[in-house]
Each structure stands twice: as C-alpha cells, then as structure tokens.
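Q: Could we go through this model together? I would like to begin with one residue and its surroundings, then turn to the wider fold.

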Amino acid sequence: MKQPKVALVLGGGGSRGIAHIGVLEVFEREGIPIDLIVGTSMGGIVGALYALGYSPRAIGEHMLEHMQGSNLLSMNWLSARARQRNIQEQLNTTIGSKTFKDTEIPLTLMAVDMLHGEEIALKSGYLMPALLASCAVPGVFPPVEIDNMQLLDGGVIDSLATHIAHQQGADKIIAVDVYPELEKDNPWIDPLSAIVGIALPIKSLGFPNDWERIPSSISAIWRASRVMTWHLHQRRLNDNPADILLRPNVDSYGSMDFKDIKGPLEAGIAEAERYLPQIKALRKATL
C-alpha cells in the first residue's frame, strides 16, 4: 500500500489567481505535500514560484511589491510588448534563467499554439518564456515564440487543465478554479467592467435607459464568448474531474485589476479551510 500521487491544478484568472496563494498558505500550514503542479496563466506563475521552493508568504509579498494597485492594461497601455517586458522584469528577481529542472516539484505550464490551434503542455527548457506564454492574454500581451510555435495564454482553450494531471499519472487531483461561474454573472455586463473592473460611464451604446434588458452589441458578443468558454470548461471538468474542486469566492474581481491583493488571497484561504478535512483525507488515502 502507498500514498496516492496528488496533483495540484491551478487555473488561470488574472488577479483572481491570487487566491492560489491563499490555498497554498493553508497547505503549508497543515503540512500537506503536493507531488506535481499543473498551472495556467496566473496559476502557472504562482505554481512555478511554489515549485521552485518559494513559500506562499514570499509569493504574496512579491505580488504586493510588484502588482498591488496596478492594472495590467494601464501598464504601457500603447504597447503590448512593453507590458510583457514589464511582467518579465517583475519575474526576473525570482525566475531569472531558471529551468524546469530547477523546480522542487514537477511542473507543467499550459499555453495554446495559435498557428495550429493546439493546447501545449510546457515542461522543459527555460521557465521564463514558458511563463510569459502561459499568461499571454490575447490583446494584452503578444504571442511568445517557442520551438516555432506562437503561444498565447492557456486559457484560450481552457483555464483549468485537469486532463494533463490525469495524463501525468496523478492518482488524486486537487483543482483550484478561479474562472468566474457563468450563472453568477450579470449576463449583459460590458467587457471592460468584467475584465478590468472599471465600469463604463454609460449604460449602453445606442440603446435607451434599460441596460439590463437591451444589451449592446459588444455585451452580446462578450456574453456569447463567455457561454462558449464556460460550456467547454464544464465539459472538460466532467470528462476529467478533480477529486476536490476548490472555487474561491473571487467572481467580483476584474481579471486585470490588481488593486486588491488581500481580498483574493483571503478568499483562497477560506476555501481551502472549508475543504480541509477532505484534503487531509485525500492525502492520507492509500492505494
């Protein structure tokens, strides 16, 4: 009899992914080890730092120092490449020239090859380009070229790669999903409010008075994108379920708005503590 191989899958979600740090704080406090990590976008950044041996406290302090009060779209707002260089500079102090071989916990980072429409699991080579690719949100950052592939954020296809943990031989999976649940959305919210956390000063573009019942074309397109993405997200979770699925209460945070680091972090702590008995039982199970 042996203990199961436990994977931690950390989903993408921009500032909402700060909740991952709170989850890891609880794991560290309770002495819960993880055997492999699969991360997408912000989940990849947090997962990589943790896999390299940085404590959740140190990761949180790094976020507070470099990201607190910022908005990704306001960083060098005329140049996506300049924004990407800004993120690289912020990561240089912790990532530098480290490779996947430098991690203490096996790590996989998710990205999407935009030339061939394929999901790519990155697990070798230098960490920096892999991280920049995994968090290269379309329209915010440019693609990252690796091995003749043009890579963007893994969330282009799906933000939570539980299937990769299954493929890599995990016996048990703990997944942290920070992608906002569809049913909790205002269905006709404008994209700027949803992504950046800044409400538009007008209710609708060309429609009188009733924003709730008569959406703008932009809001309708955004909602259609959310419905398609959520459908795939749920289908893949059903096909490759996590043994424990944590969903911190971070739906109210704009993904690109880092004005509040403490809120998402505390939401991660609360959700991990809510499931702590199940997590401990999962870790102690035998095969």
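Q: Leaving aside neighbours within four places in sequence, which residues is D153 in contact with?
A: In this predicted model, D153 is in contact with T40, S41, A111, V112, A133, S134, C135, A136, V137 and P138, once neighbours within four places in sequence are left aside.

Q: And which strand does D153 lie in?
A: D153 lies in strand 7, which covers residues 149-153.

Q: What is the nearest side chain of opposite charge to D153, and how far away is it?
A: That side chain is R16, at 9.8 Å. D153 has no salt bridge, yet it is buried.

Q: Changing topic: how many aromatic pairs does the structure hold?
A: The structure holds one aromatic pair. Its members are Y179 and W230, with 6.0 Å from centre to centre and 15 degrees between the planes.

Q: Is that pair stacked or edge-to-face?
A: The pair is stacked, because planes under 30 degrees apart count as such.

Q: Where in the chain do the two residues sit?
A: Y179 is in the loop between strand 8 (172-176) and helix 7 (191-196), whereas W230 is in helix 8 (residues 217-239). The two are 51 residues apart, and the pair links distant parts of the chain.

Q: Are Y179 and W230 buried or exposed?
A: Y179 has a relative accessible area of 15% and is therefore buried. W230 is buried as well, with a relative accessible area of 6%.

Q: On to the interior. How many residues has the largest nonpolar core, and which have the most contacts inside it?
A: The largest nonpolar core has 65 residues. Those with the most contacts inside it are L8, F27, I37, M63, L122 and I174.

Q: Which helix gives the most to this core?
A: Helix 2, residues 42-51, gives the most, contributing seven residues.

Q: What does L8 touch?
A: Not counting residues up to four places away in sequence, L8 touches L24, F27, I34, L36, I37, V38, I174 and V176. One of these, V38, is included in a second, separate core of 13 residues. That second core also includes L160, I164 and L237.

Q: Finally, the chain as a whole: how many helices and strands are there?
A: The protein chain has ten helices and ten strands. Buried residues make up 51% of its 287 residues.

Q: And what share of the contacts with a separation of 6 or more comes from residues 24 or more positions apart?
A: Such residues account for 76% of those contacts.

Q: How much surface does the protein chain expose?
A: The protein chain exposes about 13,200 Å², of which carbon and sulfur atoms supply 53%.

How values were computed: Residues numbered from 1 in each chain as written. Predicted model: local features only at pLDDT ≥ 70, side-chain atom pairs only at ≥ 80, totals over all residues. Heavy atoms only, no water. Phe/Tyr/Trp six-rings, centres within 6.5 Å; stacked < 30°, edge-to-face > 60°. Helix = DSSP H or I, 4+ residues; strand = E, 2+ residues; numbered from the N terminus. Buried < 20%, exposed > 50% of the residue type's maximum accessible area, 1.4 Å probe, protein only. Core = buried A, V, L, I, M, F, W, Y, C linked by side-chain atoms within 4.5 Å. Contact = heavy atoms within 4.5 Å. Areas by Shrake-Rupley, 256 points an atom, 1.4 Å probe, with all protein chains shown as cover. Lys, Arg positive; Asp, Glu negative; His and termini not counted. Salt bridge = Lys/Arg side-chain N within 4 Å of Asp/Glu carboxyl O.
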